[in-house]
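Got the viewer open and a free hand on the mouse? Here is a short tour, one selection at a time.

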Amino acid sequence: MFKPEYVRLYEQLCSAILNGQLSPGCRLPSSRQLAEDRGVSRNTALAAYDQLIAEGYVETRQGSGTYVARSIPDHITRPRRIAPTLWPTHAELSRLSAPPPRAAPVPTGLSERGRLLTNLPRMPIAELPVEVAGGTAFRVRLPALDEFPVVGWTDIHAAAARYPTVRMMRYHDPLGDRRLREEIAAHLAIGRGIDCSPDQVMVVSGSQHGVDLAARVLLDPGDAVWLEDPGDLGARAALAAAGAEIIPVPVDADGIDVASGVARRPSARMAFVTPSHQFPMGVTMSLERRLALHEWAARTGAWIVEDDQDCEFRYEGRPLAALKSVDENHRVIYVGTFSRTMFPGLRLGYLVLPPELMNAFVAVRLSTDVHRSTVDQVAMAEFMARRGFARHLRRLRKVHGERRGLLLSELARLLPELTVLPSHGGLHLVARLPNDHDDVAASHAAAARGIHAWALSTHAIENRQAPALLLGYAGVRPSHMAGAVGVLAEVLRGPKKRDD
């Protein structure tokens, strides 16, 4: 049923008040500012405010402005985990009809695993609706989408969809399209030094799916798994879903501390690592640590899941080879993705598996999604065969390196009080805040201004870090970089360390 614009705006604001997102006494923007934030007429904003005033949700104060009414009973509002003085602008208003995922009550009737996963921290996936600084500053794990060869890819993809073969229309090989697996194997041989057969490659729906699949195949409930600390939240969720006991192993300048892992749980069944560009800290695992990890796995029979994060993008020095490239004992499961080299919406990744695990992975795969879309796989294989992927990668390395340098210079100019941690590659930087700041509060405040700046502390289990923000630079156009850093500078003048 059609609803006037002022009714929709009224309902969103009313829901925000009842959910506790706008707390009693919170000052609201002027009708002119609200109209500008929402992209509506001022009459629409005035009509929404008039309805809220008539129903007692907000009140006006002569010469002061409009406020959420203090007389709203506490028992009908649900508190939200953000500072009550922050007014949610357009970036928040589109989400006001429902509380944030972490604030929502856990439904009854869930399994123990369901309750566990519901309460685990997770990175925000949905885009902020507001178009500030191009809408993507400083989103992590996002490549330069504005540099993607849309025309070339669309032509190839459209041809695959327009003229599908009978083979494409049938159920497909659970390992994935043969031609795509051949292209992936060839690419890994050149770029990562991995000598593998196409028969060892399994096409999956992104790296998260690959980690989840490895956990299903290799772990029993209660099995111990080393997880980098701070570490990847997606991997943590996948391992927890398999019932694993998470053993946090600290990360330092040389990557995961293997000796600490051995001391904490030498009999762990698996280690999940991001050696090329550790997420989130951005360090590269040293050769000494790599050899120690291989030795531990060979000695104990443990498995190593290598998520080769952002391996394609290194701007200083030569990259070290993948762990899988020297996997003489066949203990490494290699996880790769096209999300950071093509685009995240493609949902296309791959595993390189030890030969002895192939049948088990196929069997478990058949119990879940069977196989990926054949059209996407055929198109990707053709894109790689025509060297479109290689050309695109070369272009991205140059563009990402330039944007990294631009972010560094803008941070030095506008936020010299931040300390940027050393990192030689990837798609993001870690910027340490002054010690009197709280990175979670800063992250929420940035989101209210349309800026993605994820808190580093969210990724830590035991190895607590100084307050810092993850700042992705690859997806930010150069023309938007200075403006985005400027907004971040304004945000960081406000939130300080929490009392609790």
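We start with the whole chain and then move to some aromatic rings.

Keep in mind that this is a predicted model. Show the protein chain as a cartoon and you have 17 helices and 15 strands to look at. Colour by burial next: of the 500 residues, 54% count as buried. Switch on a surface and about 22,100 Å² is exposed, with carbon and sulfur atoms supplying 53% of it. As for contacts between residues at least 6 apart in sequence, 74% join residues at least 24 apart.

Now hide the surface and pick out the aromatic side chains, where there are 7 aromatic pairs. Select Phe-148 and Phe-343 for one of them: the rings are edge-to-face, 5.2 Å centre to centre with 80° between the planes. Which parts of the chain does this pair link? Phe-148 is in the loop between helix H5 (112-119) and helix H6 (150-162), while Phe-343 is in the loop between strand E10 (332-337) and strand E11 (349-352), 195 residues apart.

Are these two rings' residues buried or exposed? Phe-148 has a relative accessible area of 12%, so it counts as buried. Phe-343 comes out at 21%, and because buried means under 20%, this residue is partly exposed.

Add Trp-153 and Phe-383 to the selection: together with Phe-148 and Phe-343 they form one aromatic cluster.

Two more stops, both with an arginine. Zoom to Arg-61, whose charged end sits over the ring of Tyr-67, 3.8 Å from its centre. Then go to Arg-141: its charged end sits over the ring of Phe-279, 3.9 Å from the ring centre.

Key
Residues numbered from 1 in each chain as written. Predicted model: local features only at pLDDT ≥ 70, side-chain atom pairs only at ≥ 80, totals over all residues. Heavy atoms only, no water. Helix = DSSP H or I, 4+ residues; strand = E, 2+ residues; numbered from the N terminus. Buried < 20%, exposed > 50% of the residue type's maximum accessible area, 1.4 Å probe, protein only. Contact = heavy atoms within 4.5 Å. Areas by Shrake-Rupley, 256 points an atom, 1.4 Å probe, with all protein chains shown as cover. Phe/Tyr/Trp six-rings, centres within 6.5 Å; stacked < 30°, edge-to-face > 60°. Lys NZ or Arg CZ within 6 Å of the ring centre and 35° of its normal.
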